[in-house]
Amino acid sequence: MSTAAAITPQPFKMPAARALENAKQSSEAVLSDASSAMSKAAENPKKATSDFLHTPFMRAALPFINGGLAGMTATTVIQPVDMIKVRLQLAGEGVKTGPKPTPVTVFKDILAQGKVLDLYTGLSAGILRQAVYTTARLGFFDTFMKSLAVRAQANGTTIGFKERAGAGLAAGGLAAMVGNPADLALIRMQSDGLKPVGQRANYTSVIDALVRISKHEGITRLWAGCYPTVVRAMALNFGQLAFFSEAKQQLKDTSLSPRSQTLAASAVAGFFASFLSLPFDFMKTRLQKQTRAADGSLPYKGMLDCFSKVVKEEGLLRFYRGFGTYYVRIAPHAMVTLIVADYLGFITK
């Protein structure tokens, strides 16, 4: 019995020892491969970078990465104009007559109330929104366009404006749903200064805004104004991405340089994006800014209610108030985003 007891554990020890030895050899092989890869990368960094960028994972991820970086760059540049645009849309709410603010008067009022840096209120929310929204919309658009190109090539046809428009609409709608919470936080932070001092939330950052809105109003409130946001995004993307892609195609055989073609195409895209999306942007801003009164009611029940009340109380043209400011915000943003995305796509192709 004592001999059997001494022998019995051996079969269990042998596989364990063998597994340990195999794991050790595998680890050594991985370390050896990693060391070899690092040595090759040090010897030829350009080739190593190119190899990495051409892995299947990176080819799929690059449109999203480039789109996000381009959007965040553009937002940092355009944020002061966006701040003025939001204040213009909220001025005179519910009043058809009265003083008509201009970008200049809004700019002066903001400076009179605080410092120049107040124009960058909500920048953290704006950057988060771009990190989510623009990453998704440009990534989806590029992915859809590549799929359409493969299908068109297989069928012996070319991609038309209809396909570009469909890709832009789908990319914008999907991305807007994902980015709505950050968009709502941005509007709340930018409109906070319009309230009496005692009623201001004084959000310290986009995370603070998101947490407090979820806590006090419910997490579903983060998707307030989602419907007009999605419609706005679809209209904006139809104007921006579809017209940019179409304009680039039309300018392809002109005498303009590639850089000039991109600049001209982005300017055309910015105009159509502004014209088509401003009414929806206006309603989105009004819906996302509203908070519940003491009795729990809201100024607007939804997009259609907002539309009818604005038309009745403020007039139809109120939807296009601040079009110049909106264009100055959208067109350069579109231009910076598309040019940066184009450049990043070029250097990573």
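This passage walks through the fold of one protein chain, then its nonpolar cores and a helix start.

The model is predicted, so local features need pLDDT of at least 70 and side-chain atom pairs count only at pLDDT 80 or more, while totals for chains, interfaces and linings use all residues. Residues are numbered from 1 along each chain as its sequence is written, and side-chain values use heavy atoms, with hydrogens and water left out.

The protein chain has twelve helices and zero strands (DSSP runs, H or I of at least four residues for helices and E of at least two for strands, numbered from the N terminus). Of its 349 residues, 40% are buried, meaning under 20% relative accessible area with a 1.4 Å probe, protein chains only. Take contacts (heavy atoms within 4.5 Å) between residues at least 6 apart in sequence: 78% of them join residues at least 24 apart.

Now for the inside. The largest nonpolar core (buried Ala, Val, Leu, Ile, Met, Phe, Trp, Tyr and Cys residues joined through side-chain atoms within 4.5 Å) has 16 residues, and Phe141, Met145 and Leu338 touch the most other members. Helices H6, H7, H9, H10 and H12 each give two or more residues to this core, with H6 supplying the largest share, five residues. Leaving out residues up to four places away in sequence, Met145 touches Ile159, Arg164, Ala167 and Ser245. A second, separate core holds 13 residues, including Ala125 and Ile213.

Then there is Asp208, in helix H8 (residues 206-217). The Asp208 side chain reaches the backbone nitrogen of Thr204 at 3.0 Å. Beyond its neighbours within four places in sequence, Asp208 is in contact with Asn202 and Tyr203.

Conventions:
Buried < 20%, exposed > 50% of the residue type's maximum accessible area, 1.4 Å probe, protein only. Polar contact = N/O pair within 3.5 Å; in protein donor to acceptor, adjacent residues only side chain to side chain.
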